[in-house]
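Biologist: Before I rely on the labels attached to this chain, I would like to hear the reasoning behind them. Please show the structure first.

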Amino acid sequence: MSAALLLHGGVPTGADAISAGPHPLLAVAVAVGVAIVTAVPHELAHVVFGRAFGRRRGSVRVRVRRASATTNLTHVWAWPASPRLAAVSAGIVVDLAFLTLALALRATTGAWVTTVAVTVMVMRIVWQLRFHRNCDGRHIAKMLIDNPTIDTDTRQALTTRLWTSAPRSAWLWSAVIAVGVLAELALLAVWLAPAALRLLSVL
């Protein structure tokens with residue numbers, strides 16, 4: 001549903017989000033508010049599916065200045081593959097649900113707030129695809145490969161052996177990291193830089 005609605009209504013850029021509201025600073029305030037409000041359910045989904053209630057490091061930690069929230073799921077590595085993946089991917093599933101809601105409201109109401117919300121949620125999902133950073137996407141990839149130390153193994157393989165003799169897993173993880181770098185560049189080129197330039201041009 002998210003993909004269909006995005007194709008129908010288009011993906012708003014950072015400049016679109018800043019220009020959507022009656023004032024750019026109001027658009028920024030709404031964007032930060034949406035980021036904070038949706039970050040907590042994202043992490044609560046990890047807590048619920050990761051059975052992290054009562055764990056010292058399992059509670060949700062909110063960082064208002066960063067508009068982010070985090071929780072610890074290290075313990076799920078001892079679980080079977082299916083519940084392990086459910087615990088780690090639960091946050092992105094919640095993000096997709098919020099994105100679908102925002103897209104549906106944008107299609108039906110056309111309100112500028114919904115454009116800002118769509119922008120924030122798209123950015124949140126792309127943010128999680130930065131596989132070279134400590135994000136959900138990185139952990140999902142590790143669990144799909146079923147190797148929690150694949151990053152360390154890859155570095156060792158590529159530094160101690162010739163590239164031609166590196167195992168397939170090293171090549172696979174290198175490709176995943178390359179996709180993560182492209183996702184980060186997309187965040188900068190499509191959303192962050194255009195938003196900053198638009199904000200500076202208006203103020």
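The exchange below goes through the labels one at a time.

Modeller: One caution at the start: this is a predicted model. The secondary structure comes to eight helices and two strands, and along the sequence the pattern reads α-α-α-β-β-α-α-α-α-α.

Biologist: What share of the residues in the chain is buried?

Modeller: Of the 203 residues, 40% are buried. The chain exposes about 11300 Å², and carbon and sulfur atoms supply 67% of that area.

Biologist: What makes the pairing of Asp146 and Arg84 a salt bridge?

Modeller: The N to O separation between the two side chains is 3.0 Å. The cut-off for a side-chain nitrogen of Arg and a carboxyl oxygen of Asp is 4 Å, so the pair qualifies as a salt bridge. Asp146 sits in the loop between α6 (136-145) and α7 (150-160), while Arg84 belongs to helix α4 (residues 81-109), and the two are 62 residues apart.

Biologist: Why is Asp146 called exposed?

Modeller: Its relative accessibility is 52%, and exposed means over 50%, so Asp146 takes that label.

Biologist: And is Arg84 buried or exposed?

Modeller: Arg84 has 8% relative accessibility; buried means under 20%, so Arg84 counts as buried.

Biologist: How do you know that Glu184 and Arg133 form a salt bridge?

Modeller: Their side chains are 3.0 Å apart, N to O. That value is within 4 Å, so the definition is met. Glu184 lies in helix α8 (residues 168-202) and Arg133 in the loop between α5 (112-128) and α6, so the bridge ties together parts 51 residues apart in sequence.

Biologist: Why are Glu184 and Arg133 called partly exposed?

Modeller: Glu184 has 23% relative accessibility and Arg133 has 38%. Partly exposed covers values between the buried limit of 20% and the exposed limit of 50%, so both residues fall into that class.

Biologist: What about Asp151 and Lys142: what makes that pair a salt bridge?

Modeller: The N to O value is 3.4 Å, which is within 4 Å, so the pair is counted as a salt bridge. Asp151 is at 12% relative accessibility and is therefore buried. Lys142, at 9%, is under 20% too, so Lys142 is also buried. Elsewhere, salt bridges with shared partners join Arg130, Arg133 and Glu184 into one network.

Biologist: How many salt bridges does a search of the whole structure find?

Modeller: The search finds six.

Biologist: Why does Thr154 count as buried?

Modeller: Thr154, in helix α7, has 5% relative accessibility, and the limit for buried is under 20%, so the label follows. Leaving aside neighbours within four places in sequence, Thr154 is in contact with Ser169, Ala170, Trp173 and Ser174.

Biologist: Is Ser2 buried or exposed?

Modeller: Ser2, placed in helix α1, has a relative accessible area of 11%; this is under 20%, so Ser2 is buried. Apart from neighbours within four places in sequence, its contacts are Leu96, Leu99, Thr100 and Leu103.

Biologist: At what angle do helix α1 and α4 pack?

Modeller: Helix α1 (residues 2-9) packs against α4 at about 35 degrees, with the axes 9 Å apart. The crossing is left-handed. On the α1 side the contact involves Ser2, Leu5, Leu6 and Gly9; on the α4 side, Leu96, Leu99, Thr100, Leu103, Ala104 and Arg106.

Biologist: Why can Leu185 belong to a nonpolar patch?

Modeller: Patch residues need over 30% relative accessible area, and Leu185 has 48%, so Leu185 passes that cut-off. Leu185 is placed in helix α8 and forms the patch with Val181 and Leu182, about 280 Å² of accessible area together.

Biologist: Why is Trp171 called partly exposed?

Modeller: Trp171 is found in helix α8. Its relative accessibility of 42% lies between the 20% and 50% limits, so Trp171 counts as partly exposed. The C-alpha atoms of Trp171 and Ala157 are separated by 9.8 Å, with the two residues 14 apart along the chain.

How values were computed:
Residues are numbered from 1 along each chain as its sequence is written. This is a predicted model: local features need pLDDT of at least 70, side-chain atom pairs count only at pLDDT 80 or more; totals for chains, interfaces and linings use all residues. Side-chain values use heavy atoms; hydrogens and water are left out. Helices (H or I, at least four residues) and strands (E, at least two) are DSSP runs, numbered from the N terminus. Buried means under 20% relative accessible area, exposed over 50%, partly exposed in between (1.4 Å probe, protein chains only). Contact means heavy atoms within 4.5 Å. Patches are made of residues with over 30% relative accessible area and no salt bridge: like charges are joined within 9 Å, nonpolar side chains (Val, Leu, Ile, Met, Phe, Trp, Tyr) within 5 Å. Accessible areas come from the Shrake-Rupley method with a 1.4 Å probe; for residues, only the protein chains shown count as cover. Axes are lines fitted to C-alpha atoms, for helices over the stretch in contact, and angles run from 0 to 180 degrees between N-to-C directions. A crossing is left-handed if the near helix is turned anticlockwise from the far one by less than a right angle, and right-handed if clockwise.
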